[in-house]
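Q: Could you take a close look at one part of this model for me, the patch of negative charge on the surface? I would also enjoy a few words on the cysteines and on one loop proline.

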Amino acid sequence: MLESLNFEHSQIINFHEKDFQQFIKDVSDGELTIPATEEDDYYYGYDSEYITYYTKECDLLNQLNDYIQDAFLYINNCQYQQGFNILQKLQDLEYEAVYDYGDIYELSFAELFENNLMDVSLEQYSLYYLYAAFQLHRNISEMYSYFNQSKVEYVLSDLMAFGPEEITLSDDEYDRWISFLENTPGDYAAKLLRDICFLYGDINQLTKMTFEIGAKHPSLYLDVIDYDLSLHQLEHAKSIASQAFKQLDEGLTIRSKIAEKLIPYCPDDIELYKISFLSNPQINHCLQLYTLDCDIAFIKTEFQKKNYAIRFEFATLEQEKASLSSDQKEILLFFLGDYEDILEKAEKNQDNLGWSSNLKGILIPLLLMYLKPEKMHFVADDAVMDDLKRSLKVRGEDFYQLFHIWKEKYMMTDEFKKKCIQWLKDEIEQRAEVIVGGTHRHSYYEVAKEIVVLSEILYLNKNITSMETFVKDYIKRYSRKHAFKTEMLKYAKQV
């Protein structure tokens with residue numbers, strides 16, 4: 001823990017209560033305002049957007065910043081009530097911005113920080129405010145509301161490392177804070193709870209508490225597991241995780257986070273991979289199943305039973321549940337082996353443009369990368385793979401490795417592969433006609449890279465005798481489109 005700041009000498013404060021009250025009145029009455037102007041901002045020739053410019057050098061803001069500094073000086077001098085009162089009154093005000101054309105808009109205190117109109121940062125202001133409130137021994141529920149309102153998620157240890165006098169908790173205060181936070185839902189309450197436990201070195205209290213209130217604050221399971229792993233106590237971490245999996249709703253994504261935390265330490269534990277996927281069905285979690293001999297058919301059945309419909313109600317991160325769109329679920333089912341049904345649904349989409357983010361738009365690069373020969377490597381391959389990653393909304397470099405593992409183990413019938421190849425050939429040919437044969441010059445590259453990868457697949461399956469001839473035939477077909485030829489030759493280069 002950082003040592004608290006010490007101030008050996010009191011600082012002179014040039015503060016006059018009468019002037020301050022007049023400032024409060026002038027702001028409230030609209031006598032003091034912030035001048036503002038609006039200007040059109042044209043972004044690359046598209047529709048204009050209005051940008052507001054505030055005049056920072058104005059009487060209101062100059063006085064406001066001076067009074068904040070006065071409050072800081074009071075707090076530095078251990079005159080907490082005076083400093084807190086000033087800050088409280090300033091942040092309760094609404095501040096008027098008057099535009100040059102006469103309109104008036106109100107800005108909250110927080111919006112002054114958001115628009116960079118203050119001399120101090122929101123972080124510095126919040127730290128002084130919370131520190132003063134704590135030194136005034138506000139009751140716990142009131143203090144918690146101050147933490148929540150601060151916009152900066154400070155915890156108690158931050159306050160203890162700040163200010164002219166040390167902040168300490170008596171045993172009774174410690175117990176009351178623990179009791180209050182245990183019964184307060186929300187991510188911030190859990191954050192404060194773990195901070196207090198770690199601050200007082202009471203990991204046993206945190207562990208015991210987690211077993212009792214883990215359903216309300218499931219993120220505490222992650223904290224205890226992290227702590228155990230940092231001390232190389234793997235068996236204890238596993239027992240904590242086991243308790244979490246028994247206690248927590250199967251739909252909570254935090255179960256997946258717990259499983260992911262342990263997978264690097266237990267790489268052969270199939271159950272962890274299963275929980276990771278079913279509690280948060282993401283592409284990488286699905287592909288991980290293929291790194292072990294998981295029962296994919298069983299997991300697919302379990303996946304189909306669950307309701308991952310998109311939820312719009314507010315949920316804390318601790319209580320977040322996985323949600324999937326219908327297209328996302330279909331793609332995951334494809335990765336789990338339901339390829340025939342998924343292709344049938346994609347075939348119903350007759351659009352040739354604007355489908356990059358829907359089922360058809362994902363399935364085309366997916367099938368291209370699945371069916372292409374691994375021994376060949378063209379510029380187009382990397383481009384289409386990047387398209388696939390982007391359309392799947394996958395992050396992390398491990399996707400490429402996981403995809404190749406999946407590709408090696410994923411089995412399609414030869415008959416269905418032929419069907420896929422014919423569908424790709426027809427779709428890409430139609431897309432070329434719409435894009436290259438039409439007026440979509442800036443999208444030539446989209447179809448060019450797909451044509452090159454398709455030529456690899458056709459050559460591998462003996463549908464054509466020469467990739468080069470296939471590519472040149474497309475260039476010849478659209479010989480008047482020189483930009484298309486450039487794109488084709490770029491993507492047809494071997495790497």
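A: Happily; here is the patch, followed by the cysteines and the proline. Please keep in mind that this is a predicted model, in which local features need pLDDT of at least 70, side-chain atom pairs count only at pLDDT 80 or more, and totals for chains, interfaces and linings use all residues. Residues are numbered from 1 along each chain as its sequence is written, and side-chain values use heavy atoms, with hydrogens and water left out.

The negative patch on the surface brings together Glu340, Asp341, Glu344 and Glu415. Patch members have over 30% relative accessible area and no salt bridge (a side-chain nitrogen of Lys or Arg within 4 Å of a carboxyl oxygen of Asp or Glu), and like charges are joined within 9 Å. With three residues, helix 18 (residues 339–347) contributes the most; helices are DSSP runs (H or I) of at least four residues. Aspartate 341 belongs to helix 18 and is partly exposed because its relative accessibility is 44%; buried means under 20%, exposed over 50%, and partly exposed in between, with a 1.4 Å probe and protein chains only.

Turning to the cysteines, there are zero disulfides, a disulfide being a pair of cysteine sulfur atoms within 2.5 Å. Cysteine 286 has its closest cysteine sulfur in cysteine 294, and because the distance is 10 Å, that is too far for a bond. Cysteine 286 is buried at 0% relative accessibility, and cysteine 58 is buried at 8%.

Finally, proline 373 sits in the loop between helix 19 (359–371) and helix 20 (379–391). At 9% relative accessibility proline 373 is buried, and its C-alpha lies 6.7 Å from that of isoleucine 457, 84 residues apart in sequence.

Notes: Patch = residues over 30% accessible without salt bridge, like charges linked within 9 Å, V, L, I, M, F, W, Y side chains within 5 Å. Areas by Shrake-Rupley, 256 points an atom, 1.4 Å probe, with all protein chains shown as cover. Lys, Arg positive; Asp, Glu negative; His and termini not counted. Charge placed at Lys NZ, Arg CZ, Asp CG, Glu CD. Helix = DSSP H or I, 4+ residues; strand = E, 2+ residues; numbered from the N terminus.
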